[in-house]
Amino acid sequence: MASLAEFRDAIARHAPRDGTFDCRLPGVKLIRCSTPTMPMPVIYEPTVCFVAQGRKRALLGSSVYYYDPSCYLLASVGLPVMGAVIEATAAQPYLSLQIDLDAAVLGELALQYPRPAAEHRAPAGLSLNAMTSGLLDATTRLVALLDSPADAEALGPLALREILYRLLTGPDGSVLQAMTHGDSRHGQIARAILWIRANFRGACRIDEVARIAGMSRSSFHAHFKTVTAMSPLEFRTQLRMQEARRLMVSGGLDAADAGHRVGYESPSQFSRDYARLFGMPPATDAQRLRLADA
């Protein structure tokens with residue numbers, strides 16, 4: 001069986017400097033960071049993250065998740081998260097493997113290896129589980145395949161399939177099983193999340209989103225909060241703030257224009273919501289981020 005040192009060294013070989021590295025294998029990324037980072041907003045798409053060295057924190061609503069080599073993070077829907085590397089040095093950088101969850105492969109595996117029916121309540125969209133020797137062995141072999149392009153092309157899909165199989169048959173398997181069923185509670189909330197993400201600049205009428213999910217208003221609200229750790233309106237606000245921050249930092253817009261672009265009619269309300277989420281007024285935060293990137 002592979003060791004944690006082998007997993008770490010395999011990632012380090014193919015992530016030689018700080019950054020995120022796409023691999024020859026679709027949906028596979030390697031990440032290296034040699035210093036702790038400030039909390040940054042990001043959308044966690046359906047993915048699983050395995051840490052080989054260092055530690056990271058993810059904040060979803062009021063829930064905090066810490067993950068390191070002892071556990072992996074699983075996101076089953078697209079969620080707005082505040083993420084930060086909290087343990088990393090030049091000598092011992094943060095090293096991780098990120099794999100997109102392939103819905104087609106998961107669907108095939110779910111048919112081949114069905115699990116007992118999940119509970120009626122939708123599972124949380126972000127979860128932590130203990131790393132296992134089987135997963136460590138499979139993830140190490142996957143990254144090591146990058147040493148040989150021909151092997152990676154031929155054997156990579158098999159290694160990815162094994163990892164998804166181990167996730168499906170592991171403690172969080174019911175979550176992955178639910179991902180393959182559009183009529184599950186998880187699937188219903190996932191539809192609503194996709195709609196909100198596509199329409200976050202406009203009004204978020206709970207009755208309309210509940211109808212898209214195929215639920216009653218009260219049931220939708222309860223299941224949505226279970227999956228996302230926030231209300232639909234809080235979820236929309238997170239999306240608006242992330243986009244406004246991007247428009248100010250990368251697009252050069254001022255706070256008033258950015259707020260208007262993401263759906264705010266009141267600049268003062270935008271500034272209050274922004275400061276509540278990011279801890280400072282929008283113009284101050286954007287200037288700080290621009291200087292940090294300079």
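How much accessible surface does the protein have, and what share of that belongs to carbon and sulfur atoms? About 13800 Å², with 54% on carbon and sulfur (areas by the Shrake-Rupley method with a 1.4 Å probe; for residues, only the protein chains shown count as cover).

Before you click around: this is a predicted model, where local features need pLDDT of at least 70, side-chain atom pairs count only at pLDDT 80 or more, and totals for chains, interfaces and linings use all residues. Residues are numbered from 1 along each chain as its sequence is written, and side-chain values use heavy atoms, with hydrogens and water left out.

**Whole view.** Show everything as a cartoon and you have 12 helices and 10 strands (DSSP runs numbered from the N terminus: helices are H or I with at least four residues, strands E with at least two). Along the principal axes, the C-alpha atoms fill a box of roughly 60 × 50 × 30 Å. The radius of gyration is 20 Å, which agrees with the value near 19 Å for a compact globule of 294 residues (taken over C-alpha atoms; the rule is 2.2 Å times the number of residues to the power 0.38). Colour by burial and 48% of the 294 residues come up buried (under 20% relative accessible area, 1.4 Å probe, protein chains only).

**Select 71-75.** This is strand 7, and 5 of its 5 residues are buried, so the rest of the structure largely encloses it. Turn on side chains: Cys 71, Leu 73 and Ala 75 sit on one side, Tyr 72 and Leu 74 on the other. That fits the usual rule: side chains in a regular strand alternate between the two faces of the sheet.

**Add 47-53 and 126-130.** Strand 4 (47-53) pairs antiparallel with strand 7 over 4 bridges (pairing takes at least two DSSP bridges). Look for Phe 50 opposite Tyr 72. Strand 10 (126-130) also runs antiparallel to strand 7, joined by 5 bridges; here Cys 71 stands opposite Ala 130.

**Now the open sheet.** Four strands line up in the order 3-8-5-6, with antiparallel pairing. Select 40-44 and 63-67: strands 3 and 6 are the edges, each with a single partner strand, so one side of each has no neighbour in the sheet. On average, neighbouring strands here are turned by 35° against each other, direction ignored (axes are lines fitted to C-alpha atoms, for helices over the stretch in contact; angles run from 0 to 180 degrees between N-to-C directions).

**Last stop, 79-87.** Strand 8 pairs antiparallel with strand 3 over 5 bridges. Zoom in on Val 42, whose bridge partner in strand 8 is Val 81.

Key. Buried < 20%, exposed > 50% of the residue type's maximum accessible area, 1.4 Å probe, protein only.
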